[in-house]
Amino acid sequence: MEQIVSTGIIDAFFKKLKESLSVDVAIGGGGPSGLVAAYFLAKKGIKVSLYERKLSPGGGIWGGAMMFNEIIVQKEAIHILDEFGIDYKHYTDVYYTVDSVHAASALIYHASKAGAEIFNCISIEDVVFHNNKVSGLVINWAPVHQEHLHVDPLVIMAKAVIDATGHDCEIARTVERKNNIRLNTETGTVMGERSLSVEEAEGTTIENTKEIYPGLFVTGMAANGVSGSYRMGPIFGGMLLSGEKVAKLIADQL
Ligand code: 48F
């Protein structure tokens, strides 16, 4: 019995990993925007894998605001909550409240159920850069980075990569820093996130969701971070709509 438990886990995990070495879309970061993108891509039959450095995907949803575990979603994004079967309560005007634990778990469950392969405890440390195109992700165990171990990574090849790493837009920063290139932003660089301005930030999150370099797309706070726009705090409509938009942009291109 002990042998079955161990070999079962090892066989199943390595089958999953091996099948994900070459995918259509590789997503770095498992916050709301990355999970929504994973869901809509997988639902279309596109082969997608997502890599999250923490033990639990979900990013900034779980804690609501200051650990009050509720988030706000506005009317424009309610169709995405409906798509995921997430419950919400009308609060006022066009604003709804959603239990953040309920929302995070539903996003993870439905992305996985739609067929996206989700890997946790894995950090993106670089990209594959072929013929001036971002062509995959360079991954390593998150604890390898935390312990500063000198261990080489593995590589995931992908037709498109999504930077869904949130406020730090880590993938875009790495691509810019290492390759002496101009990104599709006003300055050609990662402009960095500005302070909080809710209304403006919610709109620009969707506008800034785009391909910033051949093969590299940005979604969620990473989209605002690269284009120098504002943060917005615990309102999540923009994140959900951004994930939906990036999935559509990539599906149209593939
Ligand atoms: O930060 P996060 O939730 O990104 P998001 O989808 O949503 C932002 C909101 O949560 C919130 C907000 C209000 O709407 O502003 O902050 O843009 O999720 C990003 C995820 O990426 C992971 C990180 O642990 C988090 O779960 N991540 C970041 N860098 C890496 C990474 C990396 N290098 N490799 C793997 N995962």
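Buried means under 20% relative accessible area, exposed over 50% and partly exposed in between, with a 1.4 Å probe and protein chains only. This is a predicted model, in which local features need pLDDT of at least 70, side-chain atom pairs count only at pLDDT 80 or more, and totals for chains, interfaces and linings use all residues. Residues are numbered from 1 along each chain as its sequence is written, and side-chain values use heavy atoms, with hydrogens and water left out.

**Figure 1. The whole protein has nine helices and 13 strands.** Helices (H or I, at least four residues) and strands (E, at least two) are DSSP runs, numbered from the N terminus. With a radius of gyration of 18 Å, close to the 18 Å from the globule rule for 254 residues, the protein is as compact as a globular protein of that length. That radius is taken over C-alpha atoms, and the rule is 2.2 Å times the number of residues to the power 0.38. Along the principal axes, the C-alpha atoms fill a box of roughly 55 × 50 × 35 Å.

**Figure 2. Here we look at how much of the protein is buried: 50% of the 254 residues.** Of the contacts (heavy atoms within 4.5 Å) between residues at least 6 apart in sequence, 66% join residues at least 24 apart.

**Figure 3. Meet V36, a residue of helix 2 (residues 32-43).** V36 is buried, its relative accessible area being 0%. Beyond its neighbours within four places in sequence, V36 is in contact with I80, F84, L107, L240, G243 and E244.

**Figure 4. V36 and F84 are 48 residues apart along the chain.** Their C-alpha atoms are separated by 9.2 Å.
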